[in-house]
Amino acid sequence: MEFNASRRLQSVGEKYLAIQQANINQLKKAGIEVLNLGRGNPDLPTFMPVVQAAKTALDNKANHGYPPYGGKPALKTSIKHFYQREYQVALEDDEITVFSGSAAALTALPMALADPEGVVLTPTPAFFGYHIGITMSGAEEWQMPLLEKNNYLPDLENIPQTIRDRSQLMFLNYPHNPTGAGATQDLFDRVVQFGLDNHIAIVHDFAYADISFEHQAPSFLQSKRAKETGIEIYTLSKTFNMAGWRSAFAVGNASIIKLLKAYIQNSVGGTFGVVQDASEYALDTQIKERKQLRDTYLERRNTVIQLLEAHHFSVSQSSGTFFVWLQLPETITDDKQFAKSLLNNAHVAVVPGSAFGEAGQGYLRISLVADKATLSSGINQLITYLKQYRE
Ligand SMILES: Cc1ncc(COP(=O)(O)O)c(C=O)c1O
């Protein structure tokens, strides 16, 4: 017997990266080498001292049973110190919950806070992770366009009153995947006021918190009264190259934290104790390693931007993340079609902007999670291929 997906799961649709990966696999099978500048998976290993801490934690029998839901007390203490040290934000125990990767929480939040007659506000273009929970919850998604002329920040004034009245949740993400744009504290201040005025739970996805080049990326919780209306989600995936470990936490409004914790407790369950101990160690230490990683991404970003600008392509000066956002020449009217033909003919994989929502049409997202040689070859092949569309 074969079973079909529920209508809600069907309407989530397939992730662009999964479809592209199938295409890459076919090319590889035919013996073709693909330069993959599409993925979002850190290419460098977890910092060695963190791996060592995990090895020690594995010998601790207390880690072999069910882990405590919401995080071990020692990890919560490290999170408190981390937020105090990095962002000068003080946290209480009931303002913290730990889970296995932020993707799980992004899906859980609409299920825990939104109703079928409600609205969830999302940025567009944006990471695909927000749609899944919204679709499964049955709530309506209302997209806030992030435009280049507004430095990819949402225009809150543009959200109609009828939508505000029905909104229960808003997702934001800075440094922003896919454009690389950074937030300002002023934006967060206005978002807090918006959340307070309209009784909306704000969720700031801080996945690229530590990959910010000119200055430290601001935390949403640094805005006054932020904790009255929202939470911030921090993942260890990018800061410490720990994507495979599945370690993340949320901090902020105690009532949202409580609902999120309850939902995760009954779905994904707790986070493996070894992962929690290693996360505690990572948050307490690794200052030097984090800086080295940031410098590596900055060097890669500069290489990519210099190559593209030398050939007069229009590229955003990303302030953070490990992505570069490239505007396509106007002669290319379908970015998905272009990305497909680039992959099949020039053997370079990148993600078309519209894979992140219609507002991304006309752009490409280039990932910096590849070594410099792969990046340079990939960008040179992309430039050669793009040039034929210039005239
Ligand atoms: C914006 C954004 N949020 C969340 C995630 C998911 O992170 P995690 O590894 O914690 O599930 C990603 C991963 O690529 C991302 O780009």
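**Exercise 1.** Is V203 buried or exposed in this predicted model?

Solution.
Step 1. Locate the residue: V203 belongs to strand β6, which spans residues 201-205.
Step 2. Take the count around V203, which is 30 other C-beta atoms within 10 Å.
Step 3. Apply the cut-off: a residue counts as buried if 20 or more other C-beta atoms lie within 10 Å of its own. V203 is therefore buried.

**Exercise 2.** Which residues does V203 touch, not counting residues up to four places away in sequence?

Solution.
Step 1. Leave out those sequence neighbours; V203 then touches L109, L169, M170, F171, G230, I231 and I233.
Step 2. Look at a pair further along the chain: G252 is 49 residues from V203, and their C-alpha atoms are separated by 9.4 Å.

**Exercise 3.** Describe the residues that surround the ligand.

Solution.
Step 1. The ligand is surrounded by 14 residues, and the closest are G101, S102, A103, T235 and S237.
Step 2. Sort the shell by class: five residues are nonpolar, eight are polar and one is charged.

**Exercise 4.** Into which domains is the chain divided, and which element gives the most to the side of domain 1 that touches domain 2?

Solution.
Step 1. Domain 1 comprises 7-45 + 288-387, and domain 2 comprises 50-286.
Step 2. The C-alpha centres of the two domains are 25 Å apart.
Step 3. In the contact between them, 30 residues of domain 1 meet 31 residues of domain 2.
Step 4. On the domain 1 side, the elements giving two or more residues are α1 (7-12), α13 (287-310) and β9 (323-327).
Step 5. Of these, α13 gives the most, with six residues.
Step 6. By class, this side of domain 1 has 13 nonpolar, ten polar and seven charged residues.

Key: Residues numbered from 1 in each chain as written. Predicted model: local features only at pLDDT ≥ 70, side-chain atom pairs only at ≥ 80, totals over all residues. Near = placed C-beta within 6 Å. Nonpolar A, V, L, I, M, F, W, Y, C, P; charged D, E, K, R; others polar. Helix = DSSP H or I, 4+ residues; strand = E, 2+ residues; numbered from the N terminus. Buried ≥ 20, exposed ≤ 12 C-beta atoms within 10 Å, placed from the backbone. Contact = placed C-beta atoms within 7 Å. Domains from an automatic or database assignment.
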